[in-house]
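Hi everyone, thanks for coming. Let's have a look at this one together, starting with a helix and what surrounds it.

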Amino acid sequence: MNATQWDPTRPIISIVDVHKSFGDLEVLKGVSIDVMKGEVICIIGPSGSGKSTLIRCINALNDIQSGSITVEGLEVHDAKLDKLALRRKVGMVFQQYNLFPHKTALENVMMAPIKVLKEPRDEVETRARALIKKVRLEGKEDSYPGELSGGQQQRVAIARSLAMNPDVMLFDEVTAALDPETVKEVLVTIKDLAEEGMTCLLVTHEMGFAREIADHIYFTDRGVIVEHGPPETFFDDAKDPRTREFLSQIL
Amino acid sequence: MLELFTQFFVDLADNHPRWNFIFFYEPRQWARIVKGLQYTLVLSFACVIFSVIIGVVGAWLQGSPSVWVRRCVQGYIQFFRNTPPFVQLLFFYFALGQFTPSVTGPDGWTEIPIISNVGWAIISLSFFAGAFNVEIFRSGIEAVPESTQEAADALGFSRLQTYTEVVLPLAFRVSLPALNNNLVNLVKTTTQAIGIAVPELLYQCVSIWNDYPSALYPTMLLLFVSFIVLVGILVLGMSRWERAMRIPGYGG
C-alpha cells in the first residue's frame, strides 16, 4: 500500500491482467507488463490497439475495470489511491505537448514544483534553468509556448515533467504531432534521458528509434499484447503473423 | 472664471425657462449631484467586484463532481437570470430585509437594520449580474482544452489548483469581451436602486426635477452624459486590461 514496501529488485511498474472499457468498447483485454527500474519499454501497434489507454492508466488518467497496476508499491487501481504520491513518481509527456499557454517556458517548468511540491522558488528556478539547458533550450526561458516550434514546446514539456523529479517517464506518441525536421531533437532528448537511467515507457510510431533505445518492445493489437521481446528478435524474427504484417506495412 | 460659468447658466435659465441648469449655479443642487455620483460609483464598483467573484466561484462550483452542487448553481442562475432585476431588488429589500436583525440607533429608540438599502442594492445587483458572469466564465472554461487540464492533473495539481492556476487565467481571457458587456449593463442597472431609495445619481436627479420642473431637460442630459462617461471609463479600463493580458503567440 505504501511506497516503502517497494523492493528495487522487483518491477518498478507491474501491470497485471488489466481490463479497460469505454462503455461497450473493450479497449484493453487483459494486458500484463513488468518494467524494471532503468528499463526503456516501447509499446507499438496499430491505431486503436489500446497503447495510449494503457499508458494513461499507469498514472491514473484513465481508471481500469479489473486487474492491477502497481507503481513502486502504489496500487494505482485502488480507489483510495493518493494521486499526488503517484504523480510525483510518474511524469507524463503528451502528443499535443499541453503546455500552459499563459506561462513562459521557464514558468511552465517551475509551476508544479512550486505549487504542488511547495518547494522554495529560488531552488526551483535553479533546477528549472538547468532542465531547460538540458533539453537544449537555453535562451528560450522567457518565450511563451505560442512563440516556440512544436519540437521546442515538446522539449519544454519534457523539462516540465522532469522538474517533479519523477522515477518513471511516460511518453504518449510525443513525436506524432511534430514536423519531421523537429522529431529528431525530441528523440535525442528522450535518448539522453534513457541513457541516464530513467525508466521510460514510450508509445511510439518511430520504429527506428524504438529499435535503437528500447530494452524491450511490446506489440499490441485490439487490446492484447500479441508479442514482445528485445528489439533484435522482435524486429528481425517476429513470430506472430499480426506482428509481421504490421511491421511489413511500416518498415 | 467660475463666476462667468455660473452667470452663463443663470442667464440661460432666465432666457430659456426649459433649460434651467440649476445644479451649475446653485451649490445645494450641485452637492446633490456630487452625492449621487458618489453613490453611483460606490454601487458600480462594489457590484462589479462582487459579481465577478460570484461568477468565478459559481463557474468553479458548476464543475463540481457533486450533482447537487451543480443543480444549486443552475437553480441560482435560472432564478436570477430569468426574473427582472428590479423585482429582485424589491424582494431583497422588502422581503428578506424583514428577517435581518437590526440594532438600536444612537438616539435609543430607532431601529437600524444591519443591512442598509445600499447594502441590499449591492447584494441584489451583484447576484443578478453574477448569474450572467457564471455563464460567461463557464463558456470561457469550456474553451480551455481538456488536454491542458489533463497536463495539470498529471503534474499533481489539485482540482482547485488546476482551476486557479490554469483554467481560470485562460478562461478569463476568452471571457473578457462578454464580461465587458455584462459589466456595462450592470453599471447602468445601478440606477434601479432608486426603487429602494438609494440616493444615487438617478435618485438625486429625480429629486432635483421634482423640486424644479424647469430643470427637467438639463438633469436628464446630465444623467446621459454622466453614464456615457462612466461606462466609457469602464470600457477603456477593460480593453486596456485585455491588451495587458494578451499572451504572445496565443489567440488573436
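Which residues in H3(A) are buried, meaning under 20% relative accessible area with a 1.4 Å probe and protein chains only? They are A:Ala105, A:Leu106, A:Asn108, A:Val109, A:Met110, A:Met111, A:Ala112, A:Pro113 and A:Ile114. A quick note on ground rules: this is a predicted model, where local features need pLDDT of at least 70, side-chain atom pairs count only at pLDDT 80 or more, and totals for chains, interfaces and linings use all residues. Residues are numbered from 1 along each chain as written, chains are lettered from A and ligands numbered from 1 in written order, and side-chain values use heavy atoms, without hydrogens and water.

Back to H3(A), residues 105-115: because 9 of its 11 residues are buried, the helix is largely enclosed by the rest of the structure. Helices here are DSSP runs of H or I, at least four residues, numbered from the N terminus. The cover over those buried residues includes H4 (121-134) and H5 (150-162) of chain A, together with H7 (159-189) of chain B.

Now the largest nonpolar core, which has 71 residues. By that I mean buried Ala, Val, Leu, Ile, Met, Phe, Trp, Tyr and Cys residues joined through side-chain atoms within 4.5 Å. B:Phe172, B:Leu179 and B:Leu183 have the most contacts inside this core. H7(B) gives the most to it, with 13 residues. Leaving aside residues up to four places away in sequence, B:Phe172 touches (heavy atoms within 4.5 Å) B:Val52, B:Val56, B:Phe137, B:Leu179, B:Trp241 and B:Met245. A second, separate core of 50 residues includes A:Cys42, A:Ile132, A:Ala159 and A:Ile190. Thanks for listening!

Methods. Helix = DSSP H or I, 4+ residues; strand = E, 2+ residues; numbered from the N terminus.
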